[in-house]
Amino acid sequence: MSDIYDQATDQEMMDRDLAIKAARSQNQPMKFTSHCKYCEEHIDRGHFCNSECREDFEKMKKMKHLSGRK
Ligand SMILES: [Zn+2]
């Protein structure tokens, strides 16, 4: 009985660990490249030339994420 309980706990901990790692890798700061991440317009700061590009980039990222699932 206790063995089954231990296994379940280990699995839960592993799942949680993976979830945390996945969340961390998604939240890594993007490198500054001096170009808009979406349209590659030259920019002095940030990652996008305007908020529209940022929104479109986020949408694109979500679409890629969704289409990557099989
Ligand atoms: Zn842009």
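# A tour around a zinc site

Start with the cysteines: with a disulfide taken as two cysteine sulfur atoms within 2.5 Å, the count here comes to 0. A disulfide is a covalent bond between the sulfur atoms of two cysteines. Keep in mind as you click around that this is a predicted model.

**Stop 1: the whole chain.** Show the chain as a cartoon. You should find 2 helices and 0 strands. Helix 1 covers 2–26 and helix 2 covers 51–67, with a loop between them. Now switch on the surface. The accessible surface comes to about 6600 Å², and 53% of that belongs to carbon and sulfur atoms. How many of the 70 residues count as buried? Just 7% of them do. If you like contacts, take those between residues at least 6 apart in sequence: 5% of them join residues at least 24 apart.

**Stop 2: the zinc ion.** Select the zinc ion and show the side chains around it. Which residues are its protein donors? They are C36, C39, C49 and C53, each using its SG atom, and they lie 2.3 Å from the zinc ion. Look at the sequence above and you can pick out their spacing, C-x2-C-x9-C-x3-C.

Now rotate the site. Why is the arrangement called tetrahedral? The angles subtended by the 4 donor atoms run from 105 to 117 degrees, and all of them fall between 85 and 135 degrees, so the arrangement counts as tetrahedral. For comparison, the ideal angle for four tetrahedral donors is 109.5 degrees.

Stay with two of the donors, C39 and C53. C39 is in the loop between helix 1 and helix 2, while C53 is in helix 2, so this pair ties together parts that are 14 residues apart in sequence.

**Stop 3: buried or partly exposed?** Colour the four cysteines by accessibility. The buried label needs a relative accessible area under 20%. C36, at 2%, is buried, and C53, at 9%, is buried too. C39 has 38% relative accessibility, so it counts as partly exposed. C49 is also partly exposed, at 33%.

**Stop 4: two phenylalanines.** Next, select F48 and F57. The chain has 1 aromatic pair, and this is the one: the ring centres of F48 and F57 are 5.1 Å apart, with 50 degrees between the planes, which makes the pair tilted. Both F48 and F57 are buried.

**Stop 5: two unusual backbone angles.** Most residues other than glycine have a negative phi. Select S34 to see a residue that does something else: S34 is not a glycine, yet its phi is positive, about 65 degrees. Find S34 in the loop between helix 1 and helix 2. With a relative accessible area of 21%, S34 is partly exposed.

Now select E40. Its phi is also positive, about 65 degrees, and E40 is not a glycine either. Where is E40? It sits in the loop between helix 1 and helix 2. E40 is exposed, with a relative accessible area of 61%.

**Last stop: a distance.** Draw a line from the C-alpha atom of E40 to the C-alpha atom of C53. These residues are 13 apart along the chain, and your line should read 9.8 Å. C53 brings you back to the zinc ion, where its SG atom is one of the donors.

Terms used
Residues numbered from 1 in each chain as written. Predicted model: local features only at pLDDT ≥ 70, side-chain atom pairs only at ≥ 80, totals over all residues. Heavy atoms only, no water. Donors = N, O, S within 2.8 Å, 3.2 Å for Na, K, Ca; no water. Tetrahedral: all angles 85-135°; square planar, octahedral: opposite > 155°, others 65-115°. Helix = DSSP H or I, 4+ residues; strand = E, 2+ residues; numbered from the N terminus. Buried < 20%, exposed > 50% of the residue type's maximum accessible area, 1.4 Å probe, protein only. Contact = heavy atoms within 4.5 Å. Areas by Shrake-Rupley, 256 points an atom, 1.4 Å probe, with all protein chains shown as cover. Phe/Tyr/Trp six-rings, centres within 6.5 Å; stacked < 30°, edge-to-face > 60°.
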